[in-house]
Amino acid sequence: MHIMINIFHISKFLIQNLDIQSHAVRQQYPRNCKMYTYSISQSARLMEDFLELARDNTKNDLETCGILGAFLKMGTFYVTTLIIPKQESTSQNCQAINEEEIFAIQNEQSLFPVGWIHTHPSQSCFMSSIDLHTQYSYQVMVPEAFAIVMAPTDTSRSYGIFRLSDPVGMSILKDCPEEGFHHHNEPADGGPIYEHCSNIYINSNLRFEIFDLR
Ligand SMILES: [Zn+2]
Ligand SMILES: [Zn+2]
């Protein structure tokens, strides 16, 4: 997917780690995401509603992508908006088109682009090299930005919430000139390029709005 984005300036401080990941996932990924300035609160309906909107594409083995918009209040990003842009997709990639329509909604509603969500209709739940470059573009702007991968056919893990490791993963992506699917070398320190996020929690009271521009 392609990137929109306005420049935001966010200074970093450590915050309390609000962890929704299961114990099993933490054990599998012992290196938690580093703690970020702001925690993130997202609607309980977000992932469910997105899968529903993606259903026809998923049936046809085509990816679907969406952008998550949030407002910032008292140290928390509240994810209130899912924008599904016009898009072109294959079984392994999805690209937003007419991005000015995304900017217009973000500007109108004063939303931060704090993340994106996409399906892997037939692949497992992971971040492809293209996904990592997309995620880099978000994370450069908003360090808390995250990627949700929905993989309904992955029997071991149907979804994941990911972020590039910082600074290791971020610097690998910053220095990578390649496009399309390609290989990234493992970080020299043996750590991961990307990790599960740990400062995102579900808020069932959050209002939630969907703009389906397709
Ligand atoms: Zn992907
Ligand atoms: Zn790369």
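Buried means under 20% relative accessible area, exposed over 50%, and partly exposed in between. The views below are all taken from a predicted model.

**View 1. His 118 and His 120 at the zinc ion (ligand 1) are both buried.**
His 118 has 1% relative accessibility, so it falls among the buried residues. His 120 is at 0% and also counts as buried. Both residues bind the zinc ion (ligand 1) through NE2, and Asp 131 contributes OD donors. These protein donors lie 1.9 to 2.8 Å from the metal. Along the sequence, the donor residues follow the spacing H-x1-H-x10-D. What is the arrangement of the 4 donor atoms? It is irregular, because the angles they subtend run from 53 to 168 degrees. Four donors count as tetrahedral if all angles lie between 85 and 135 degrees. Water is not among the atoms, so sites may look incomplete.

**View 2. Three histidines and a cysteine hold the zinc ion (ligand 2).**
The donor atoms are NE2 of His 133, SG of Cys 176, NE2 of His 182 and NE2 of His 184. Their distances to the metal are 2.0 to 2.2 Å. The site is tetrahedral, with angles of 98 to 119 degrees among its 4 donor atoms. The ideal angle for four tetrahedral donors is 109.5 degrees. In sequence, the donors of the zinc ion (ligand 2) show the pattern H-x42-C-x5-H-x1-H. Where do His 133 and His 182 lie? His 133 is in helix 5 (residues 129-141), while His 182 is in the loop between helix 6 (168-174) and strand 9 (194-196). The pair therefore ties together parts that are 49 residues apart in sequence. His 182 is buried, at a relative accessible area of 14%.

**View 3. Ser 129 of helix 5 meets the backbone of His 182.**
A polar atom of the Ser 129 side chain lies 3.0 Å from the backbone nitrogen of His 182. Ser 129 also touches Gly 180, Phe 181 and His 184, leaving aside residues up to four places away in sequence. Is Ser 129 buried or exposed? Its relative accessibility is 9%, so Ser 129 counts as buried. Two of its contact partners, His 182 and His 184, are donors to the zinc ion (ligand 2).

**View 4. Helix 4 (residues 99-108) has a buried side and exposed residues on the other.**
Which residues of helix 4 are buried? They are Glu 99, Ile 102, Ile 105 and Gln 106. These four cover an arc of only 120 degrees around the axis, so they sit on the same side of helix 4. An α-helix has 3.6 residues a turn, so residues three or four places apart point the same way. Glu 100 and Glu 108 are exposed on the other side of helix 4. The cover over the buried residues includes strand 2 (65-73), strand 3 (76-84) and strand 5 (94-96). Strand 6 (112-119) and strand 11 (209-212) are also part of that cover.

**View 5. Asn 98 and Ser 110 sit in the loops on either side of helix 4.**
Asn 98 is in the loop between strand 5 and helix 4. Its phi is near 50 degrees, a positive value in a residue other than glycine. Asn 98 is partly exposed, with a relative accessible area of 33%. Ser 110 lies in the loop between helix 4 and strand 6. Ser 110 is not a glycine either, yet its phi is positive, at about 50 degrees. At 54% relative accessibility, Ser 110 counts as exposed.

**View 6. The buried residues of helix 2 (residues 46-53) line one face.**
Leu 46, Met 47, Asp 49 and Phe 50 are buried in helix 2. Seen down the axis, they fall within an arc of 165 degrees, so they line one face of the helix.

**View 7. A cis peptide bond joins Asp 166 to Pro 167.**
Omega of this bond is near 15 degrees. Pro 167 belongs to the loop between strand 8 (159-164) and helix 6.

**View 8. The protein as a whole has 6 helices and 11 strands.**
Of its 214 residues, 51% count as buried. Among contacts between residues at least 6 apart in sequence, 74% join residues at least 24 apart. The protein exposes about 10200 Å², and carbon and sulfur atoms supply 51% of that area.

Note on methods
Residues numbered from 1 in each chain as written. Chains lettered and ligands numbered in written order. Predicted model: local features only at pLDDT ≥ 70, side-chain atom pairs only at ≥ 80, totals over all residues. Heavy atoms only, no water. Donors = N, O, S within 2.8 Å, 3.2 Å for Na, K, Ca; no water. Tetrahedral: all angles 85-135°; square planar, octahedral: opposite > 155°, others 65-115°. Helix = DSSP H or I, 4+ residues; strand = E, 2+ residues; numbered from the N terminus. Buried < 20%, exposed > 50% of the residue type's maximum accessible area, 1.4 Å probe, protein only. Arc of directions from axis to C-beta. Contact = heavy atoms within 4.5 Å. Areas by Shrake-Rupley, 256 points an atom, 1.4 Å probe, with all protein chains shown as cover. Polar contact = N/O pair within 3.5 Å; in protein donor to acceptor, adjacent residues only side chain to side chain.
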